[in-house]
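Work through the exercises below with the coordinates open. Each one sets a task and is followed by a solution in steps.

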Amino acid sequence: MKLSSISLSVALTITTSSTMRSASAFIPHQQRAAVLPTGGATRAFLFDKLFSTSSGKLPVMAEEDVMSPKAHGTSEKPVQKNLRWNCDFDTADRICNFNRHYAEHAGYWQTTEFLKSIKEEEQPIKFYDSVTGVHLFTAPVGRTMEEFLLESQKHGWPSFRDEETVWDSVRCLKDGECVSVTGTHLGHNIPDKSGNRYCINLVSVAGTPAES
């Protein structure tokens, strides 16, 4: 039996709508609080989760409402108390939760314990959301540690590439702002001749891993 183009369009619309409504059932319960945004961002997130990441087009985009006001600025709670690499709590909380455009000062990451700790870190290094403890970046991937550090030193902030980004948890907005799916401000995408470059505040990714 052949379907008219109109019937096929209706069928696809119904199927997509049904899939959207049931999508959260396929996300483990333990991960929902950390991964799924609340309120108006949920529908956009589910659509993005189902379709955008499969297209291969990066960065993965989000709507503005992912950064809507919540219990603590754009997040549900403050940053963690004991951030890695001796990052400053007040600076981190301000940048992560009450900021959309500004950053830690250029080179700040080099004044922390980060460089001294590299030899003791499991490599590649995993970077976690300073608010939720969710895994956001892994570096270096596809390059050496020296190359990652040199690029970061050149630009003034830790600089990550597409393959170093955990796209289940990271999004970009139309103006280039880079955020977590739960509302943490991370930095900005500033592309160069090599492609997307995510210029990220170390204080935004200095969390300890969330308990599974």
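**Exercise 1.** Which residues does R161 touch, not counting residues up to four places away in sequence?

Solution. The model is a predicted one.
Step 1: locate the residue. R161 is in the loop between β3 and β4 (170–172).
Step 2: list the contacts. With residues up to four places away in sequence left out, R161 touches R143, E151, D192, S194, G195, N196, R197 and Y198.
Step 3: examine the polar atoms. The side chain of R161 reaches the backbone oxygen of N196 at 3.1 Å, and a polar atom of that side chain lies 3.3 Å from the backbone oxygen of G195.
Step 4: classify the exposure. The relative accessible area of R161 is 10%, and buried means under 20%, so R161 is buried.

**Exercise 2.** Classify the ring pair W85 and F127, and then the pair F137 and F160.

Solution.
Step 1: choose the descriptors. A pair of aromatic rings is described by the distance of the centres and the angle of the planes.
Step 2: apply them to W85 and F127. The centres are 5.6 Å apart and the planes are at 50°, so this pair is tilted.
Step 3: place the two residues in the chain. W85 is in the loop between α3 (41–52) and α4 (89–97), and F127 is in strand β1 (residues 125–128); the two are 42 residues apart, and the pair links distant parts of the chain.
Step 4: check exposure. W85 is buried, at a relative accessible area of 6%, and F127 is buried at 1%.
Step 5: repeat for F137 and F160. Their rings are 4.4 Å apart centre to centre with 20° between the planes, and the pair is stacked. This pair too links distant parts of the chain, from F137 in strand β2 (residues 135–139) to F160 in strand β3 (residues 159–160), 23 residues apart. Both F137 and F160 are buried.
Step 6: widen the search. The whole structure holds nine aromatic pairs, and ring pairs join W85, W109, F114, F127, F137, F148 and F160 into a cluster.

**Exercise 3.** Describe the start of α4, its buried residues and their cover.

Solution.
Step 1: inspect the start of the helix. A side-chain oxygen of D88 comes within 3.4 Å of the backbone nitrogen of D90 there.
Step 2: look at F89. The charged end of K81 sits over the ring of F89, 4.6 Å from the ring centre.
Step 3: list the buried residues. In α4 these include T91, A92, D93, I95, C96 and N97.
Step 4: find the cover. β6 (185–189) is among what covers the buried residues of α4.

**Exercise 4.** Derive the strand order of the open sheet and identify its edges.

Solution.
Step 1: count the elements. The chain has seven helices and seven strands.
Step 2: read the order. Five strands form an open sheet, β3-β7-β6-β5-β4, with antiparallel pairing.
Step 3: find the edges. β3 and β4 each have a single partner strand, so one side of each is left without a neighbour in the sheet.
Step 4: check one pairing. β3 and strand β7 (residues 198–200) pair in the antiparallel sense over two bridges, and S159 stands opposite C199 in β7.

**Exercise 5.** State the totals for the chain.

Solution.
Step 1: burial. Of the 212 residues, 48% are buried.
Step 2: contact range. Among contacts between residues at least 6 apart in sequence, 64% join residues at least 24 apart.
Step 3: surface. The accessible surface is about 11,500 Å², and 56% of this belongs to carbon and sulfur atoms.

Key: Residues numbered from 1 in each chain as written. Predicted model: local features only at pLDDT ≥ 70, side-chain atom pairs only at ≥ 80, totals over all residues. Heavy atoms only, no water. Phe/Tyr/Trp six-rings, centres within 6.5 Å; stacked < 30°, edge-to-face > 60°. Helix = DSSP H or I, 4+ residues; strand = E, 2+ residues; numbered from the N terminus. Buried < 20%, exposed > 50% of the residue type's maximum accessible area, 1.4 Å probe, protein only. Lys NZ or Arg CZ within 6 Å of the ring centre and 35° of its normal. Contact = heavy atoms within 4.5 Å. Polar contact = N/O pair within 3.5 Å; in protein donor to acceptor, adjacent residues only side chain to side chain. Pairing = 2+ DSSP bridges. Areas by Shrake-Rupley, 256 points an atom, 1.4 Å probe, with all protein chains shown as cover.
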